[in-house]
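Thanks, everyone, for making the time this morning. I would like to walk you slowly through one structure, and I will try to go piece by piece for those who are new to it.

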Amino acid sequence: MYRILKKENLAPNIYLMDIEAKRVAKSCYPGQFVIVRMDEKGERIPLTICDYDREKGSVTIVFQALGSSTKRMAGYEVGEEFKDFAGPLGNKSELIDETYEELHEKSILFVAGGVGTAPVYPQVKWMKEQGHEVDCIIGARNKELIILEEEMSKVAKNVYVATDDGSYGFKGNVNDCIKDLVNNQGKHYDLVIAIGPVIMMKFVCLLTKELGIATIVSMNPIMVDGTGMCGACRLTVGGKVKFACVDGPEFDGHLVDFDESMKRQQMYKTAEGRAVLKEKE
Ligand code: NAD
Ligand code: FES
């Protein structure tokens, strides 16, 4: 069983939890994810790792209480336990395997959209630990939905906050902010790493293609087994079938078929909707 050590409400419907999971904490890296199951009958919820403390044996997850399962998960309190906390799953971020010289040659921009800020944080923190500071855009619909700004400011060189409604920081979405940095502020980037809603990653990739900046995205489709057997997380990347759980979750954003991925997500949303109705019966 995996005990909840800390619970924080970061923004409306967005929760952070530290979970006691010694084995995962010992071996995980930025970019990887876990699959959480609350109890025997619970749905498997894939969540990208937000932070980890190897000494304490804890792993931090951040999730949005949207569907029936994540809403139930938000009801759990400190001291309560999850049945499964499987991981670390997926591959660590590619940058982690780069040599010191390869990494330090790159000017990197992280683009974090909404809850996607959580999986961006450990990567930026890891970069800082290697002595390589990067820029980061945090985008949200409004000020209330901005998460981890303070934490990110401690590990990034520059943090640019953008809100769609202009209630805080730059007014506009993350793409408007990228354009402003590159076209008006003379910033140069060799690599963009974008993590957030699929629609955001799609449009960031269209823009970075135009700007000629290589881009990595992190895909988090519905997952069931997390081992490449069930096919739930299937994607098309560069015309080839890939499974986010074993081949990803990070991929070359300029090769991902985002439209297909969004269609598949929609299909599962309907299935989740049916599950909610069933619960209410
Ligand atoms: P949101 O819809 O509030 O969007 C966050 C920001 O993304 C916006 O403020 C905007 O700056 C940008 N954005 C959104 N649509 C855009 C567009 N068309 N063009 C340019 N920029 C755009 O995000 P949210 O509600 O926090 O996100 C929830 C979604 O994020 C869920 O679907 C969840 O599955 C996904 N998510 C993905 C990951 C991942 O690893 N990729 C991790 C966590 C959450
Ligand atoms: Fe089953 Fe990836 S979750 S194949």
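Let me begin with a pair of strands, keeping in mind throughout that this is a predicted model: strand β13, which covers residues 191-195, runs parallel to strand β14, residues 214-218, and the two are joined over four bridges. Within that pairing, if you look for Ala194, you will find Val217 of β14 standing opposite. Helix α7 packs on the sheet here, where it touches β13 and β14 as well as β9 (108-113), and its direction makes about 175° with that of β14.

Now let us step back to the sheet as a whole. It is an open sheet of seven strands with mixed pairing, and its order reads β12-β11-β10-β9-β13-β14-β17. At the edges stand β12 (170-171) and β17 (250-252), and each of them has a single partner strand, so one side of each is left without a neighbour in the sheet.

If we follow the order in from the β12 edge, β12 pairs with β11 in the parallel sense over two bridges, and there Lys171 in β12 has Thr163 opposite. Strand β11, residues 158-163, is in turn parallel to β10, with six bridges between them, and in that pairing Tyr160 of β11 stands opposite Ile137. These two strands, taken together with helix α5 (residues 149-155), make a right-handed β-α-β unit.

That brings me to the ligand. Which residues are closest to ligand 1? They are Gly113, Gly114, Gly139, Asn173 and Met200, out of 23 residues that surround ligand 1. The elements that give two or more residues to this shell are β10 (135-140), α6 (174-184) and α7 (198-211), and the one that gives the most is α7, with three residues. So you meet again the helix that packs on the sheet against β9, β13 and β14. As for the character of the shell, 10 of its residues are nonpolar, 11 are polar and two are charged.

Finally, a word on the N-terminal part, where I want to be careful about what comes from a record: an unreviewed UniProt entry lists residues 1-95 as "domain: FAD-binding FR-type". In the model, that span is 14% helix and 46% strand, and the C-alpha atoms at its two ends lie 32 Å apart.

Notes: Residues numbered from 1 in each chain as written. Chains lettered and ligands numbered in written order. Predicted model: local features only at pLDDT ≥ 70, side-chain atom pairs only at ≥ 80, totals over all residues. Near = placed C-beta within 6 Å. Nonpolar A, V, L, I, M, F, W, Y, C, P; charged D, E, K, R; others polar. Pairing = 2+ DSSP bridges. Contact = placed C-beta atoms within 7 Å. Axes fitted to C-alpha atoms, helices over the stretch in contact; angles between N-to-C directions. UniProt positions renumbered as here; feature names shortened; annotations may be inferred. Right-handed = clockwise from strand over helix to strand, strands pointing away.
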